[in-house]
Amino acid sequence: MRPDRITKAHEDLSEHADAVSDQVKQLAGVTEKLLRENKKGIIERQYQQKRLADNIADIYAQVALLSRVSQVFEDQGVEPSGQERYIADTFCTRAAARVSSRFDQIESNDDERMTAIAKLAYKRGSYGYALFED
């Protein structure tokens, strides 16, 4: 992403824009590290791919929301756009927390345990426990 910071967001949204810029930088760094460490083996790292893909979706959604709310602020002013501000604050805060959590899970996770459970269920032919009665 060029420039290194989001520059088109309304100044009242700069805190969120800066956070998204940092998320993009972290995404680039983590992705590069995973590719360097795993090379072609990255194909087998499906949990890591899902975390990255989910982070990309959350980052994109934040960028889209900041763009839309910035336009609303320009068109209607900041004061009359309180609902949009509230939505932007809430969504960006929650999305940033999800992104951060997924980045943390790149290094510290229970992927091996989840893979073992999946293999066991596959071997059994099912999960093994009835969740609902027929």
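User: Leaving aside its neighbours within four places in sequence, which residues is histidine 16 in contact with?

Analyst: Histidine 16 touches Leu66, Ala88, Asp89, Cys92 and Thr93; a contact requires heavy atoms within 4.5 Å. The model is predicted, with local features requiring pLDDT of at least 70 and side-chain atom pairs pLDDT 80 or more, while totals for chains, interfaces and linings use all residues. Residues are numbered from 1 along each chain as its sequence is written, and side-chain values use heavy atoms, without hydrogens or water.

User: Why is histidine 16 called buried?

Analyst: The term buried applies under 20% relative accessible area, exposed over 50%, and partly exposed in between (1.4 Å probe, protein chains only). Histidine 16 has 9%, so it is classed as buried. This residue belongs to helix α1.

User: What makes lysine 8 exposed?

Analyst: Its relative accessible area is 75%, and the limit for that class is over 50%. Lysine 8 is located in the segment before α1. Its C-alpha atom is 9.0 Å from that of leucine 66, although the two positions lie 58 residues apart along the chain.

User: How many helices and strands does the chain have?

Analyst: There are 4 helices and 0 strands, and the order along the sequence is α-α-α-α. Helices are DSSP runs (H or I) of at least four residues and strands are runs (E) of at least two, numbered from the N terminus.

User: What is the radius of gyration of the chain, set against that of a compact globule of 134 residues?

Analyst: The globule rule, 2.2 Å times the number of residues to the power 0.38, is compared with a radius taken over C-alpha atoms. The globule would have a value near 14 Å, but the chain has 20 Å. The C-alpha trace spans about 60 × 45 × 20 Å along its principal axes. Buried residues make up 28% of the 134 residues.

User: Why is the pair of arginine 5 and aspartate 18 called a salt bridge?

Analyst: A salt bridge is a side-chain nitrogen of Lys or Arg within 4 Å of a carboxyl oxygen of Asp or Glu. For arginine 5 and aspartate 18 the N to O distance is 4.0 Å, and the pair is counted. Arginine 5 precedes α1 (14-38) and aspartate 18 lies in that helix, so the bridge ties together parts 13 residues apart in sequence. Arginine 5, at 29%, and aspartate 18, at 33%, are each partly exposed.

User: Which parts of the chain does the salt bridge of aspartate 111 and arginine 51 tie together?

Analyst: Their side chains meet at 2.6 Å, N to O. Aspartate 111 is in helix α4 (residues 111-124) and arginine 51 in helix α2 (residues 46-76), so parts 60 residues apart in sequence are tied together. Both aspartate 111 and arginine 51 are buried.

User: How do you know that arginine 102 forms a salt bridge with aspartate 58?

Analyst: The closest N and O atoms are 3.1 Å apart, and the cut-off admits such pairs. Arginine 102 and aspartate 58 are both buried. Elsewhere, salt bridges with shared partners join Arg5, Asp18 and Asp22 into one network. The whole structure holds 10 salt bridges.

User: How many positive and negative side chains does the chain have?

Analyst: It has 20 positive and 23 negative side chains, and the centres of the two sets lie 9 Å apart. Lys and Arg count as positive and Asp and Glu as negative, without His or the chain ends; each charge is placed at NZ of Lys, CZ of Arg, CG of Asp or CD of Glu.
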